[in-house]
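Colleague: I'm new to looking at structures, so go easy on me. Here is the one I'd like to walk through with you.

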Amino acid sequence: MRHLKRLPYFALAALAVTVLSSACSSSDSNQTTDAAEPTSPVEPSEPTDPPTPTDPTAPPSPSAPAPLEVTTESGDVRGTTTDGVRSFLGIPYAAPPVGDLRWRAPAPTEPWDGVREANVAGAPCPQTIPIVNAPTGSEDCLYLNVVTPDPLPSGPAPVMVWIHGGGFTSGDGRQYTGSTDGSTIAAKSGTIVVTLNYRLGQLGFLAHHALTNEDPSHPSSGNYGIEDQVAALEWVERNILAFGGDPENVTIFGESAGAWSVCALLTSPLSGGLFHRGIMQSGPCTTRLATLQNAERQGERFAEVVGCAGALDVLECLREAPRESVMAALPPDPAFVFSEGEWGSWFPIIDDYVLTENMAESFASGSFHRVPLLVGSNDDEGTLFVALSHDHAGRPLQASQYRERLSFLISDDEEVIDSIEERYPVDAFASPGLALAASFGDAALACPSIETARLAAPHTPTYLYQFTFTGGTFPIALNTDIDLGAYHAAEIPYVFGTPSVETPFTEVEQTLSDAMIGYWTRFAATGDPNGGDARQWPRLGDDARHLSAGTAITPGTNARGGACTFWRGVALREPLLPLE
């Protein structure tokens, strides 16, 4: 078996489409539940056959206009209504993780008196927006947003919970400007959409032996961001009925790091029963995770950089450190994987509490929460990363650099590099950058997504897609000759029905978006994306059938051809420093 030396930071999610489109904007700050007790590793349950598909994209049978004041477990909230949807923004689902709660499991929200105005989204969690290097956010960031149709359907509505991407280091639930708030989905399908923030980067994924040993009832550190997601789902389970949603019909969906989060929740013993379907868009879920011990080694280095390594009480020192010092210590690579240096690596880890094994092992054995799954990736997953880190940075890749880039990104094993160059010869592409984009995109994102679906399909109903539409507009002007094609995160505007730029969808784009919203919401409602007059989407099986979403919706087989067979023989090493 060929081995990759390292492949860090490839999950920098929808960083350009969703984060850079509003690079310097941030929401105003507003201001749970106890962390779930650990249980034994996930016990698989037999999937049930999905109910007969309906067409949620048809207008729901309305009831009276929905109330704008809703009572939650912590107090009353007042939302707003416009264009056929109700919006409740900035609802706290956990206490602010500040002071002594920094680097602890999410704690319960303090109740409030009176009515809380829910018309402004909570601040994003602390982060530095890539490319522009703009700091934003607040540690007081554990908020969620609820968008419902108005009027509500006559019965409890299906619920979709969006988990944003951003490489676990950037982004927020609504992507600052509201492009993923779910209003179009709610208005068109009668589905309720919940979006949420979770802790990121150093504040969300720091492991340290002192943190691990601090609380015997929580023998873990390094997965606080995933625990936040669990707490948000617990909030949904307890409160969504008050908003008109069905707590027994919850779908979690996400892209890139958000899709990876969905996979984490599918395999975590903490999240059983909190959701009933899963959608993973471009998620590298088969990537090997770092161990707690390896992550703790990075944590020791982090404490040293912050200036706390020699403190009498390391945790007190770390918790009292200014946010700026925390964010400056082992920051993520600003060039998204492609620059050398001492960058931090902030991802979920195997801590034997939140996550007990690599996700690929869970999917292969069937030891995951066996809910129906919808999984897919985009045709050109690597182009955006190469364009941003090379061309846009003023250093377009030269043919003479191709092998060195493969070695840096993938492996220093000469035989491995030889095989990659044979599979992706630089002279077979219009530019060296496109050759690197093809190999990197297949290895890091497209094939892990397809492999996840392949492993899960024998255990639960699974539907595979390939997003092939190349006519989308990137939200900022890039200095690049690379044709982005169906780039990483390009499908998000069509899933949410919200153009990534101010220009409205073309007729072709609107048709594509309507189709994708239809498939996604029918799946959320019933566990089957089919219904109405939509083209039939077959379940993934031995025939390797999938749906291709481009200028037309067409059936396909054997997504990515032999590329994923090639990468299946390459073992990814955990992307955590220090590695040796």
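Of the 580 residues of the protein, what percentage count as buried? After that, please take me in for a close look at the aromatic pairs, and then show me around the rest.

Modeller: Happy to! One thing to keep in mind from the start: this is a predicted model. Now, your number: 63% of the 580 residues count as buried. The surface that the protein does expose comes to about 20,100 Å², and carbon and sulfur atoms supply 50% of that area. As for the parts list, you're looking at 17 helices and 20 strands.

Now for the close look. A search of the whole structure turns up 25 aromatic pairs. Let's start with Tyr463 and Phe523: their ring centres are 6.2 Å apart and their planes meet at 80°, so this pair is edge-to-face. Tyr463 belongs to strand β17 while Phe523 sits in helix α16 (residues 507-526), so the pair ties together parts that are 60 residues apart in sequence. Both Tyr463 and Phe523 are buried.

Next comes Tyr465 with Trp537, which is another edge-to-face pair, at 6.5 Å from centre to centre and with 90° between the planes. Here, too, distant parts of the chain are linked: Tyr465 is in strand β17 and Trp537 is in the loop between α16 and β18 (545-549), 72 residues apart. Tyr465 and Trp537 are both buried. Now put the pieces together: ring pairs join Tyr463, Tyr465, Phe523 and Trp537, along with Tyr519 and Trp520, into a cluster.

Rings can also have a charge sitting over them. The charged end of Arg102 is placed over the ring of Trp103, 5.4 Å from the ring's centre. Likewise, Arg116 lies over the face of Trp112, at 5.2 Å from the ring centre.

Arg116 is a handy stepping stone, since it sits in strand β6, opposite Val77. Strand β3 (residues 75-78) and β6 run parallel and are joined by 3 bridges. Both strands are part of an open sheet of 3 strands, in the order β2-β3-β6, with mixed pairing. The edge strands are β2 (69-72) and β6 (115-117), and each has a single partner strand, so one side of each is left without a neighbour in the sheet. From one strand to the next, the twist averages 35°.

For another bit of strand pairing, go to β10 (residues 157-163). This strand is mostly covered, with 7 of its 7 residues buried. Strand β10 runs parallel to strand β12 (residues 245-255), and 6 bridges join them. In that pairing, Val159 stands opposite Val250 in β12. Strand β10 also pairs in the parallel sense with strand β11 (residues 192-196), over 5 bridges, and there Met160 faces Val193 in β11. Here's a rule to remember as you look: in a regular strand, the side chains alternate between the two faces of the sheet.

Let's finish with a few backbone oddities. As background, most residues other than glycine have a negative phi, and most peptide bonds are trans. Against that, look at the bond joining Asp150 and Pro151: it is a cis peptide bond, with omega at about 5°. Pro151 is in the loop between β9 (143-149) and β10, the buried strand we just visited.

Then there's Ala489, which has a positive phi, near 80°, although it isn't glycine. You'll find Ala489 in the loop between β17 (462-467) and α15 (492-496). With a relative accessible area of 0%, Ala489 is buried. Asn558 has a positive phi as well, near 55°, and this residue is in the loop between β19 (553-557) and α17 (563-568). Unlike a buried residue, Asn558 is partly exposed, at 46% relative accessible area.

One last loop residue for you: Thr287, between β13 (277-281) and β14 (290-291). Thr287 counts as buried because its relative accessibility is 2%, and buried means under 20%. A polar atom of the Thr287 side chain lies 3.0 Å from the backbone oxygen of Pro284.

How values were computed. Residues numbered from 1 in each chain as written. Predicted model: local features only at pLDDT ≥ 70, side-chain atom pairs only at ≥ 80, totals over all residues. Heavy atoms only, no water. Buried < 20%, exposed > 50% of the residue type's maximum accessible area, 1.4 Å probe, protein only. Helix = DSSP H or I, 4+ residues; strand = E, 2+ residues; numbered from the N terminus. Pairing = 2+ DSSP bridges. Axes fitted to C-alpha atoms, helices over the stretch in contact; angles between N-to-C directions. Areas by Shrake-Rupley, 256 points an atom, 1.4 Å probe, with all protein chains shown as cover. Polar contact = N/O pair within 3.5 Å; in protein donor to acceptor, adjacent residues only side chain to side chain. Phe/Tyr/Trp six-rings, centres within 6.5 Å; stacked < 30°, edge-to-face > 60°. Lys NZ or Arg CZ within 6 Å of the ring centre and 35° of its normal.
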